[in-house]
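Trainee: Could we go through this model together, starting with the overall fold and then some backbone oddities?

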Amino acid sequence: MKLLSSVQCFGGLQNQYEHVSETLGCTMQFSVYLPPQAQAGQKVAVAYWLSGLTCTDQNFATKAGAQRVAAELGIAIVMPDTSPRGEGVPDDADKAYDFGLGAGFYVDATEAPWSKHYNMYSYVVDELPALVEESLPVSPLKSVFGHSMGGHGALTIALNNPGRYASVSAFSPIVSPMQCPWGQKALALYLGDNPAAWQRHDTVALIRAGAQQLPMLVDQGLADNFLATQLKTELLEAALQETGYKAEVRYQPGYDHSYYFIATFIEDHLRFHARYLK
């Protein structure tokens, strides 16, 4: 694991690293905020942030304003990239923003040519945490949160791995990829024309199938131009009501899909996770 950059921020360190990923078959970069407590020798809990379409590991680090609260709470934040990168990693033929590079959808692809590199589910769940816990002053206690495609990733990863994450939250998540254009395109190309294989990557389907209860918070802006066509938060609310699964779903009037929305409510999400990362 190679340190690419390190800057002091609220008494902690905002770092960027590079490593060769066996899971993805390429060199990957990821960012980490280490709070002051970690520099003092304490092993701190970790919140894994999963970003949305077109993002890298840098978007959240530079735009969300999360470091001040993370420093106060003594929580590290790990920010992986959104897809494999580099020469030889295939991309969408039309360079579309919603598939291929920058759009890994946090699944393990089974279809050629994507299956060789696009294994973001295993990277986020297994390889990256193992590397982080081996190399940095963090504990195994972790939560996961994300935005849009990353909100989908956070919710589905947490629901598929009961006991591994203390809590989960999401901003503007794609709650049912099986029922929206972004998800239908990505799941069909990565996983093939087999809706049965899609269900474990669909939050609504997982909750309806009896997913284990864990603390969950979802924020959705009412001025989000993707709400009606891609995010469809009402499908999540219906599944929660139907099954009795407990989650806090908040609609925020006037807020859109941008990092201004995330920056406004990121403190709420970090304090939410801190309650379960004690």
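**Fold and backbone**

Mentor: Sure, one point up front: 58% of the 278 residues of the protein chain count as buried, meaning under 20% relative accessible area with a 1.4 Å probe and protein chains only, where exposed is over 50% and partly exposed lies in between. This is a predicted model, where local features need pLDDT of at least 70, side-chain atom pairs count only at pLDDT 80 or more, and totals for chains, interfaces and linings use all residues. Numbering runs from 1 along each chain as its sequence is written, and side-chain values use heavy atoms, leaving out hydrogens and water.

Trainee: What radius of gyration does the protein chain have, set against a compact globule?

Mentor: The rule for a globule is 2.2 Å times the number of residues to the power 0.38, with the radius taken over C-alpha atoms. For 278 residues that gives a value near 19 Å, and the chain agrees with it. Along the principal axes, the C-alpha atoms fill a box of roughly 50 × 45 × 35 Å. The radius of gyration of the chain is 17 Å.

Trainee: How many helices and strands does the protein chain have?

Mentor: Both are DSSP runs numbered from the N terminus: helices are H or I with at least four residues, strands are E with at least two. The count is 11 helices and nine strands.

Trainee: Is Ile-75 buried or exposed?

Mentor: Ile-75 is found in strand 5, residues 75-80. Leaving aside residues up to four places away in sequence, Ile-75 touches several others, including Tyr-33, Ala-47 and Leu-270, where contact means heavy atoms within 4.5 Å. Its relative accessibility is 3%, so Ile-75 counts as buried.

Trainee: Which residue does a cis peptide bond join to Ala-112?

Mentor: Most peptide bonds are trans. Here omega is about 0 degrees. The partner is found in the loop between strand 5 and helix 4 (120-135), and it is Pro-113.

Trainee: What is phi of Tyr-106?

Mentor: Most residues other than glycine have a negative phi. Tyr-106 goes the other way, with a positive value. Tyr-106 sits in the loop between strand 5 and helix 4, and counts as buried because its relative accessibility is 0%. Its phi is near 55 degrees.

Trainee: And what is the positive phi of Thr-54?

Mentor: Thr-54 is found in the loop between strand 4 (44-50) and helix 2 (58-63). Although Thr-54 is not a glycine, its phi is positive, at about 75 degrees.
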